[in-house]
2 protein chains.
Amino acid sequence: MSVGIRHDDLRRRNRAMVIAAVRRAGQPSRTEIAATTSLSHSTISAISSDLIVEGILTESKPSEAGSLKRGRPQVGLSLNPEAAAVMTVVLSLNFLSVAVIDYAGQVISEEQRRLDTLTMSRDSLIGECTAIVRRRLEDPDLDVRSIARIALAVQGITDTRARSMLWSPITPHTDIAFADIFEEEFGIPAIMENDCNMMAVALRWRDPDRYRDDFIAILLSHGIGMGLVLKGELFTGTHSSGGEFGHMIHRPNGALCRCGRRGCVEAYAGNYAIWRNARQMGEDAEPVADVSDADMRALAAAARERDGPEREAYRKAGEVLGYGLGSLFALIDPAPVAMVGVSAAAFDLIEPALRQAIAQTAGGQHSKSISFDTEPNELPLIREGCAMRALIFVDQEIFAPGVQARSGFGGKNVA
Amino acid sequence: MSVGIRHDDLRRRNRAMVIAAVRRAGQPSRTEIAATTSLSHSTISAISSDLIVEGILTESKPSEAGSLKRGRPQVGLSLNPEAAAVMTVVLSLNFLSVAVIDYAGQVISEEQRRLDTLTMSRDSLIGECTAIVRRRLEDPDLDVRSIARIALAVQGITDTRARSMLWSPITPHTDIAFADIFEEEFGIPAIMENDCNMMAVALRWRDPDRYRDDFIAILLSHGIGMGLVLKGELFTGTHSSGGEFGHMIHRPNGALCRCGRRGCVEAYAGNYAIWRNARQMGEDAEPVADVSDADMRALAAAARERDGPEREAYRKAGEVLGYGLGSLFALIDPAPVAMVGVSAAAFDLIEPALRQAIAQTAGGQHSKSISFDTEPNELPLIREGCAMRALIFVDQEIFAPGVQARSGFGGKNVA
DNA sequence: CAGTATTTTTTCGAGGCTCGAAAAAATAGG
DNA sequence: CCTATTTTTTCGAGCCTCGAAAAAATACTG
């Protein structure tokens, strides 16, 4: 139910807005902030001087040496890197990666580790995750007390409230309440997010010109995942992280999917499906547990070299992705697409069939105007997204407390 | 870009909130409004006395005769029906319907008319629409000057800004800027919405317990349409009204659809498709222009009577709808569904195959928890949705002017 | 090199809004 | 008729933002 605005909300909201403006712009002057927020100079002056006193912002004296304009020079405001720090934890198939990020978004410290996630017990999976975080927290070089938030990302389905991993292809265990576990273990607020959603968040920060209000990030990896930003907000399901593009049905009773069902998009376009088709193993063949990036690159190389089952496997993947995107476009209209992950590097093998399929669908009329971009490496993106998620939390909940995060305000969702 | 909150926005927003509270609750007392908005009694008192003086609200003395509590009795606030009026225009296949609605939401006056929309020229289609509105405006019984807004709904695709009909199955003509045409013709602000979206808006007002934050309204009529509410907001595409569930691809290169493509959900589940299958005409047969409701009811009766091609046609429709919903649920998670339109009356013939198909998809795990409700008559729903849309506009833009409609505030979208 | 123009930032008083407390209003119970 | 109870209004206090003017900091000009 919508709730009234109290008088004291005003300042808090505008504080949050100033912080957000600085985070977006990097080193804006007070005048620039006044312009983008359409608040008066007096207000910006008052708020920013508060924030500087509190150690949240700092004045970065020489805004830019280049600008030799007449008049008093602008003084840039920037985030004080020491104001806080957050931690990111990215859990993917057989791989765990942790980083500590300062308030300005720079990586301070990191650690990565190979695991056998598919066969580990529930407890040792959780134990490995908490142990690697503990090692970072106890690193003598770091000021432990300043970790304000932990953001986890995992391949798989998480709940809307960002508390639990509900299901994941990387482990047979389900319903692991990572956020609660971490909060109990370390006393630090934690959230648990879907990896592809974090990719989308990161893309929006990396390239706001291309990825602004509406775009699609698709992970072409062992499985097929999607992060969706619509109207400037991260799209999630009614109960879970949603956006399970890879498990839309391409063909009822079709190829066997890793999820146990049949005919999912992933069962034609995931790495294991491309592998299965390239090896002509048949649609009923049990999906292999993992295909190395090197193997996939070799497959792509073979497909480029000669017209054989490898090339056909990529063509099929493209066709299915195209029909899937077509159905998606029927719902949300066309939007720019970022293809991420190892098979995005083989997008040249995928694109022709993909475009041909889209042309047969509701998205067809705009087929040519749909832009595709590729980014082979998903891990840095996921980490960046987690970092931004956690930092925005600090911005809003710690440095502008009391603002009820409400949709549409300061970018609750995507930030 | 998010914009700061000015000091004078405060009052305007809280005014809008009080109006919204009254519209939702019917006859709330000041105390109840204070409770739901969490504003102080003093503020509510000040705002509501303003609104009463301005003739927007009225005090309805005897709140309820029943409540014989101790203490000063509550005095209910209600919308003043004479504060404004709006007009709704619903254009569907071969049918045009107009109504004038008072500020409290009651129909004051209406007119309906049969047309041959498929064969009419562009100009006569527009002409018929403006003529019927003009007749209502010039009705001597009505206070013409008080029409504050016209809301149109049409089967088909409209643009996100609610200005134009981009494409519609009811006419060969495209890109008709109805909103602009009406504004120019009558000098009254107008919007052009998608019919199924208005159904969803209406369902939310009719039954907020069942249809609150997340639900799906599906129109089973000559074509298949959908209105979707997610997280309390009406879902629309990036450029158009979106949600073209009927044109998701069920089977590449499948049955011929009215849209000219192949394999769309509609090409198996629309009235014309059920008709075509029941008559065993083959998937390539040109879709018939219209099937009367009586014919469809006869078809359903035949299907109930004996196991023949009619029953199989409904089964097929259910199967395809089920796989389509399954794909939709992969994206948004399961949610309550309202089946609307003449074929919703045959939902008993559709449901078994539909549920069986959903069970094969990502929605399957929650198959039993998905609730279906049916409503055979779409027209009243569409009109109600239009009326609410228009009235909310009056609430926000006319009676609480200056509030930049921003998402998440006071229900910009669904209201 | 001093003075002027220009631009940014801060200061200060005015006006407006919400809040809490207290008063006023309106009814049931005894 | 008086008291208890609940709703609604009144009133002063405290904030917040705004506009205007002042202050600050630099480039230009002769």
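Contact here means heavy atoms within 4.5 Å, and helices (H or I, at least four residues) are DSSP runs numbered from the N terminus. The model is predicted: local features need pLDDT of at least 70, side-chain atom pairs count only at pLDDT 80 or more, and totals for chains, interfaces and linings use all residues. Residues are numbered from 1 along each chain as its sequence is written, chains are lettered from A in the order in which they are written, and side-chain values use heavy atoms, with hydrogens and water left out.

**Exercise 1. Find which residues join α1(A) to α2(A), and describe how the two helices cross.**

*Solution.*
Step 1: Start with the residues. From α1(A), Met17(A), Val18(A), Ala21(A) and Val22(A) meet Ile33(A), Thr36(A) and Thr37(A) of α2(A).
Step 2: Sort them by class. Ala, Val, Leu, Ile, Met, Phe, Trp, Tyr, Cys and Pro count as nonpolar, Asp, Glu, Lys and Arg as charged, and the others, Gly among them, as polar. This contact of α1(A) with α2(A) has five nonpolar and two polar residues, with no charged ones.
Step 3: Look at the geometry. Axes are lines fitted to C-alpha atoms, for helices over the stretch in contact, and angles run from 0 to 180 degrees between N-to-C directions. Helix α1 (residues 7–25) and helix α2 (residues 30–37) of chain A have axes that come within 10 Å and cross at roughly 115°. That makes α1(A) roughly perpendicular to α2(A) (65 to 115 degrees counts as roughly perpendicular).

**Exercise 2. Work out how α6(A) and α12(A) pack against each other.**

*Solution.*
Step 1: Take the axes. Helix α6 (residues 195–206) and helix α12 (residues 378–398) of chain A lie with their axes 7 Å apart, at an angle of about 80°. The pair α6(A) and α12(A) is therefore roughly perpendicular.
Step 2: List some partners. Among them are Met198(A), Met199(A) and Trp205(A) on α6(A), and Leu381(A), Ile382(A) and Met388(A) on α12(A).
Step 3: Sort the classes. The contact of α6(A) with α12(A) holds 12 nonpolar, one polar and five charged residues.

**Exercise 3. Identify what surrounds DNA strand C.**

*Solution.*
Step 1: Find the neighbours. A residue is near a strand if one of its heavy atoms lies within 4 Å of it. DNA strand C has 29 residues around it, of which Arg6(A), Thr31(A), Ser45(A), Gly71(A) and Thr43(B) come nearest. Of the strand C atoms that come within 4 Å of the protein, 68% are accounted for by sugar and phosphate.
Step 2: Check individual atom pairs. A polar contact is a pair of N or O atoms within 3.5 Å. A polar backbone atom of Val75(A) is 2.8 Å from a phosphate oxygen of DNA strand C, while a polar side-chain atom of Arg11(B) lies 3.4 Å from a phosphate oxygen of this strand.
Step 3: Assign the surface. Helix α1(B) gives the most to the surface near DNA strand C, namely four residues. The classes on this surface are six nonpolar, 14 polar and nine charged.

**Exercise 4. Do the equivalent job for DNA strand D.**

*Solution.*
Step 1: Around DNA strand D there are 29 residues, and His7(A), Thr43(A), Arg6(B), Thr31(B) and Ser45(B) come nearest.
Step 2: Thr31(B) has a side-chain N or O atom 2.6 Å from a phosphate oxygen of DNA strand D. For Ser45(B), a side-chain N or O atom is 2.6 Å from a phosphate oxygen of DNA strand D.
Step 3: The largest share of the surface near DNA strand D, four residues, comes from α1(A).

Methods:
Angles under 35 degrees count as roughly parallel, over 145 as roughly antiparallel, 65 to 115 as roughly perpendicular and the rest as oblique. A polar contact is a pair of N or O atoms within 3.5 Å; within protein, one must be able to donate a hydrogen and the other to accept it, and residues adjacent in sequence count only if both atoms are side-chain atoms.
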